[in-house]
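Me: I am new to this structure and should be grateful for a close look at a single part of it. Please describe one helix and the salt bridges connected with it.

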Amino acid sequence: MTDKAMRGPGRPRSDQARDAILDAAFQLLEENGLERFTIEGVAARSGTAKTTIYRWWPGKGALAMEALLAHAELTVPIPYTASAVSDLRTVLDGIARSFAGATGRVVASIVLAGQNDPPTLKVYHEKVVEPRRQRLRDIIERGKRNGEFRPDLHVETLVEAMYGALYTRLLIRFSPLDEPGWMDRHINQLLEGALPRPLCGQAAK
């Protein structure tokens, strides 16, 4: 069993094995992508029996998603402050930084391989994309309630625009996700249409 499987004295053996499996799965996803990702490879890397892995996960898609989630939860902050605008900046900057590294390579492999594997792509959407989109929706709705955003702002359109640029850079790679200043420019441009419109009298001053 790997060193990572021995974390923490007194932890149940099942937790140690699960951690070792998820660590091994993420490493293999980063190294080889989803297309070459196998349960046999995870079993060998983690020192765990295949029967144990299949008892906890129905297939490689479900295991890949949980491995990604276990890693991504540590790298993308979900803030809750008095400013919804500030929180949006923090979340999107965190996603961009995460996508620029190992998590991004894993996500790209899952999305690309998922074009020929609809069940895995469906799990990715349900387990990874939708929960994070919902967090953005919650922040934007909070901004509408506290007056930071226009009350008639279409939340889903803004969420689509925010995520769309991230995935374009991740998958097409025409420009780096960690390009200095890019995320600030992206957010500022989007917020131009989201902020409350000034009254006519105020605009003339």
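Reply: The following account concerns helix α7 and its salt bridges.

This is a predicted model, in which local features need pLDDT of at least 70 and side-chain atom pairs count only at pLDDT 80 or more, while totals for chains, interfaces and linings use all residues. Residues are numbered from 1 along each chain as its sequence is written, and side-chain values use heavy atoms, with hydrogens and water left out.

Helix α7 covers residues 118–145. Helices here are DSSP runs of H or I with at least four residues, numbered from the N terminus. With 28 residues, α7 reaches 38 Å from its first C-alpha to its last, close to the 40 Å expected at 1.5 Å a residue; the expected span is 1.5 Å times one less than the number of residues. The helix has a kink of about 35°, centred on His-125, where the bend at a residue is the angle between axes fitted to the seven residues ending there and the seven starting there. After α7 comes Gly-147, whose phi is positive, near 90°.

Several residues of α7 are buried, among them Tyr-124, Val-128, Leu-136 and Ile-140. Buried means under 20% relative accessible area, exposed over 50%, and partly exposed in between, with a 1.4 Å probe and protein chains only. Charged residues of α7 that are buried include Arg-132, Arg-133, Arg-137 and Arg-142.

Side chains of opposite charge can pair when their charged atoms come close. A salt bridge is counted when a side-chain nitrogen of Lys or Arg lies within 4 Å of a carboxyl oxygen of Asp or Glu, and the structure holds 15 of them.

One of these joins Arg-142 to Asp-87, with the closest N and O atoms 2.9 Å apart. The pair links distant parts of the chain, since Asp-87 belongs to helix α5 (residues 84–99) and Arg-142 to α7, 55 residues apart. Both Asp-87 and Arg-142 are buried.

Another salt bridge connects Arg-137 with Glu-130, whose closest N and O atoms are 2.7 Å apart. Arg-137 counts as buried because its relative accessible area is 13%, whereas Glu-130 is partly exposed because its relative accessibility is 25%. Through salt bridges that share partners, Glu-130, Arg-133, Arg-137, Glu-156 and Glu-160 are joined into one network.

Methods. Helix = DSSP H or I, 4+ residues; strand = E, 2+ residues; numbered from the N terminus.
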